[in-house]
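Hi,

Here is the model I promised to pass on. Have a look, and my notes follow underneath.

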Amino acid sequence: KVSRDVFIGVNGYRNQCDLYVDQFVDSELAFYRTLLSLGGYFVKELKIRASGAQGPQAQADLGLNSNEIGMLFGPRLQLIMDFSHKLLIKLEPLHLIRGPLRTGESRWSVLAKVVTELAPEQIYTHYRTYSETYPQCDQFMKQRIRVSKSKRSTNSTFLDLWERCRHKIPNMEKTKFLQCLEFPQLQISSYVTTFMEIRNRCEPNSQDYQNAYEAIERVQVAAKQLTEASMMNLAV
């Protein structure tokens with residue numbers, strides 16, 4: 001955690017905010033790369049085996065068919081990737097320039113504008129499908145994992161495949177399979193945490209503080225909608 005006393009000077013709080021801007025940008029980039037690698041390594045291999053391309057025995061041992069793989073890693077994950085990609089395009093100036101902007105505007109103000117331009121409904125739309133289907137997918141996979149563990153002597157179930165693939169996926173090296181499914185929907189809560197850290201370091205009467213307040217408000221609305229969607233489907 002960054003100390004309030006790290007920087008000295010009139011604009012010290014802005015310097016501290018910049019660290020959290022960098023953290024936000026780097027976190028979103030790492031998140032997107034993880035999703036790309038998840039699709040490029042693990043999901044791709046799942047689809048190949050489920051198609052029968054490696055033989056009927058490998059297909060049977062896998063423990064997931066093509067429709068189930070699509071349910072877990074299809075459009076619900078692609079929507080989140082699309083949102084992250086669009087966000088990174090908007091954040092590109094902050095990724096390329098890790099110092100004062102020529103316009104004189106604080107880097108945090110630029111980030112705040114990007115976030116406040118994203119209405120809660122836009123964030124909610126991209127994450128909604130994943131949140132709505134997460135409880136069912138989680139319960140489904142817990143059941144499949146129990147079945148799969150009884151067949152692991154074959155060394156070719158989806159759990160064995162995950163053990164071999166996860167080391168190629170950034171930020172997933174020590175992640176269990178169910179944590180991999182939970183990972184995408186945790187990103188929104190990380191936005192709120194970062195913005196609160198920035199707000200806590202802004203002068204209360206400054207425009208930066210107001211920008212932080214508005215950004216938090218928008219993301220919290222979306223986070224609340226997603227939580228409610230998940231809980232409703234858990235109760236069904």
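Helices here are DSSP runs of H or I with at least four residues, strands are E runs of at least two, and both are numbered from the N terminus. On that basis the chain reads α-α-α-α-α-α-α-α-α-α, with 10 helices and 0 strands.

Before the details: this is a predicted model, where local features need pLDDT of at least 70 and side-chain atom pairs count only at pLDDT 80 or more, while totals for chains, interfaces and linings use all residues. Residues are numbered from 1 along each chain as its sequence is written, and side-chain values use heavy atoms, leaving out hydrogens and water.

Of the 236 residues, 45% are buried (under 20% relative accessible area, 1.4 Å probe, protein chains only). The largest nonpolar core (buried Ala, Val, Leu, Ile, Met, Phe, Trp, Tyr and Cys joined through side-chain atoms within 4.5 Å) has 66 residues, and F42, F73, W108, F177 and F195 touch the most other members. Helix α1 (residues 12-50) gives this core its largest share, 14 residues. Leaving aside residues up to four places away in sequence, W108 is in contact (heavy atoms within 4.5 Å) with C17, D18, V21, F195, I198, D208, N211, A212 and A215.

One helix pair to check: the axes of α4 (residues 75-96) and α5 (residues 107-117) come within 10 Å and cross at roughly 165 degrees, so α4 is roughly antiparallel to α5 (over 145 degrees; axes are lines fitted to C-alpha atoms over the stretch in contact, with angles from 0 to 180 degrees between N-to-C directions). L87, K90, L91 and L94 of α4 meet R107, V110, L111, V114 and E117 of α5.

Cheers

Key. Buried < 20%, exposed > 50% of the residue type's maximum accessible area, 1.4 Å probe, protein only. Parallel < 35°, antiparallel > 145°, perpendicular 65-115°, else oblique.
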